[in-house]
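Thanks for coming. I will go through one chain today, moving from strands to cores to rings.

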Amino acid sequence: MVEGGDGNEAYTGDGAIINSDFLNGLSVEKAREEAIRRFEKAGTGKAQVNYRLRDWGVSRQRYWGCPIPIIHCAKCGAVPVPEKDLPVTLPEDVRFDKPGNPLDHHPTWKNVSCPNCGAAARRETDTFDTFFESSWYFARFCSPHSKAPFDPAAAAYWMPVDCYIGGIEHAVLHLLYSRFFMRALQHCGHGVPKEPFTMLQTQGMVYHETYKNVQSGAWLSPDEVEKQPDGTFKHLKSGAKIEVGRLEKMSKSKKNTVDPQRIIDTYGADAARLFMLSDSPPERDLEWSDAGIEGSWRYLNRLWKLCLQHSTQFTALSALDAPKDVKLFETYRLMHKTIASVTADIEAFHFNKAVARIREFTNALEKIEPGSPEALWVLREGVHAVLHLLQPFLPHIAEEAWAQLGQDTPLSGRPWPKAEPALLADDEVTIAVQLNGKLRTTLQMPRDCERARMEQTVLDLAVIKDHLRDKRLEKVIVVPNRIVNVVAK
């Protein structure tokens, strides 16, 4: 039973219970609680939470994995490997020439004596699922040399992990397994915290077009095809026509992968890194494109030129105060704003925003005419700031440019730049001008401008004067640094 609504769309809420005796009028949640209470009072049932969980099969029939420390004996059954014999190591002379589990085919590794009775026995040849080890290793990392499994003091200091980064498949399975492991270890008295991670950051996938040979139906890699002037593709070797498929995540099965070595050889590792960081937020999917990485490569060339073309003049400069020239001062202010914004963006994992701000500031630096010591000083300070901010993204080029500028201490060993708080606030603000609550225009006004001056400036605007010719001014509402609303009838 529901009340209200306009009858134009379906009601999807809980509503209230009807035709149900003592439950009439209750919400679904309240009705459930009342029914449970009555069952428990009558002794015919009790409340219980059931999780829809299934058993986790942790064994895998493969060589690459952690051996399961169990020995199977015909007499004693499944016997744990004695602690003195741990860890169980994999054989190095394994062969992969037969289908199935390579450890099963090994002639000697699996044959051992039973730790209990000494009879001939067989080692477990399955290995653990990799999720099994990755669900607790971070706790051991807190005290890797401890003789105990975990040092409670170290676990208390380092855990939980501040930020765990992984693919989207970690968002459910790995996170669930890790939480189970932490609870089990805590229950066993190992001193680890209840929750393994404070934050989970899942990065997106890298996507690329797929290419298929129309004649053979075989998938082809981007290196095997060539784009034609008319926009079609052909097979480099055979000239066969190519069918271009949709964007899909890179995979070996569809061969739509890009060889990292080719990218590094052509553009450098920093250019590839910059493109991947700047193209989209880390949690979003990335569409790989040659045009994108070429754009990053061109920016790096501009940056290198900007850093080095005045390097000899930079070294001769002495320290100055904030510039007196208005344009130079605005560029200097933008530097401090960029430092503050990029610092916040990095902390929030907004790497694409951080890169965009740095590139915007670089554009401003390129417009400086270095005809005076003051201009050269602003340019030098700006270049230093850009290299500092880019160092986490471009460790090779940033450090090399820094050294070329005559700096002895590496950027990685210097403190992170700090923004001057006084330079972060704009002297001017954008004021929205409204007439009877509707936006008519905007204008720039000094921050914290006097009310009378704001009113008069707005009333002198042509767009406001035109509307007031046949109307009576009632009042002017001023919201400091934000809005001026002219009310007229």
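Start at Gln 434, which, leaving aside neighbours within four places in sequence, is in contact with Leu 439, Arg 440, Ile 483, Val 484, Asn 485 and Val 486. This is a predicted model, so keep that in mind throughout. Gln 434 lies in strand β17. Is Gln 434 buried or exposed? Its relative accessibility is 17%, and the cut-off for buried is under 20%, so Gln 434 counts as buried. For a sense of distance, take Ala 344: Gln 434 and Ala 344 are 90 residues apart in sequence, and their C-alpha atoms are 33 Å apart in space.

Now the strand itself. β17 covers residues 428-435 and is mostly covered, with six of its eight residues buried. Which strands does β17 pair with? One is β18, residues 438-446, joined to β17 by eight bridges and running antiparallel. Another is β20, residues 483-488, joined to β17 by four bridges and running parallel. To place the register, Val 429 stands opposite Met 445 in β18, and Val 433 has Val 484 as its bridge partner in β20. The hairpin of β17 and β18 has two residues between the strands, and Asn 436 there takes a positive phi near 55 degrees. As background, side chains in a regular strand alternate between the two faces of the sheet.

There is also an open sheet elsewhere in the chain. Four strands form it in the order β3-β2-β5-β4, with antiparallel pairing. At the edges stand β3 and β4, the latter being residues 111-113; each has a single partner strand, so one side of each is left without a neighbour in the sheet. Direction ignored, neighbouring strands of this sheet are turned by 40 degrees against each other on average. At the β4 edge, three bridges pair β4 with β5, residues 120-123, in the antiparallel sense. Within that region, Val 112 stands opposite Ala 121 in β5.

A brief stop at one more strand residue. Thr 202 is in strand β8, residues 200-202, and is buried, with a relative accessible area of 18%. Not counting residues up to four places away in sequence, Thr 202 touches Gly 166, Gly 167, Ile 168, Ala 171, Pro 282 and Glu 283.

Next, the cores. The largest nonpolar core has 50 residues, and the ones that touch the most other members are Tyr 299, Ile 358, Val 383, Val 386, Leu 387, Leu 390 and Phe 393. Which elements give two or more residues to this core? They are α7 (260-267), α8 (269-279), α9 (290-308), α11, α12 (351-366), α13 and α14 (395-404). The most comes from α13, which gives 11 residues. Taking Leu 387 as a sample, and again not counting residues up to four places away in sequence, it touches Cys 307, Ala 398, Ala 401, Trp 402, Leu 405 and Leu 411. Another core, of 17 residues, lies apart from the largest one; Val 429, Ile 431, Cys 449 and Ala 488 are among its members.

Last topic, the rings. How many aromatic pairs does a search of the whole structure find? It finds 20. One of them is Tyr 63 with Phe 96, an edge-to-face pair at 5.7 Å centre to centre and 85 degrees between the planes. Tyr 63 lies in the loop between β1 (59-60) and β2 (70-73), and Phe 96 in the loop between β3 (77-80) and α2 (102-105), so the pair ties together parts that are 33 residues apart in sequence. Tyr 63 counts as buried, at 9% relative accessibility.

A tilted case is Tyr 332 with Trp 377, whose ring centres are 5.4 Å apart and whose planes are at 40 degrees. This pair links distant parts of the chain, with Tyr 332 in helix α11 (residues 326-347) and Trp 377 in helix α13 (residues 373-390), 45 residues apart. Tyr 332 counts as buried at 13% relative accessibility, and Trp 377 counts as buried at 5%.

Ring pairs also link Trp 56, Phe 128, Phe 131, Phe 132, Tyr 177 and Phe 181 into a cluster. Then there are charges over rings. The charged end of Arg 38 sits over the ring of Phe 22, 3.8 Å from its centre, and the charged end of Lys 212 sits over the ring of Trp 219, 4.4 Å from its centre.

Key
Residues numbered from 1 in each chain as written. Predicted model: local features only at pLDDT ≥ 70, side-chain atom pairs only at ≥ 80, totals over all residues. Heavy atoms only, no water. Phe/Tyr/Trp six-rings, centres within 6.5 Å; stacked < 30°, edge-to-face > 60°. Buried < 20%, exposed > 50% of the residue type's maximum accessible area, 1.4 Å probe, protein only. Lys NZ or Arg CZ within 6 Å of the ring centre and 35° of its normal. Core = buried A, V, L, I, M, F, W, Y, C linked by side-chain atoms within 4.5 Å. Contact = heavy atoms within 4.5 Å. Pairing = 2+ DSSP bridges. Axes fitted to C-alpha atoms, helices over the stretch in contact; angles between N-to-C directions.
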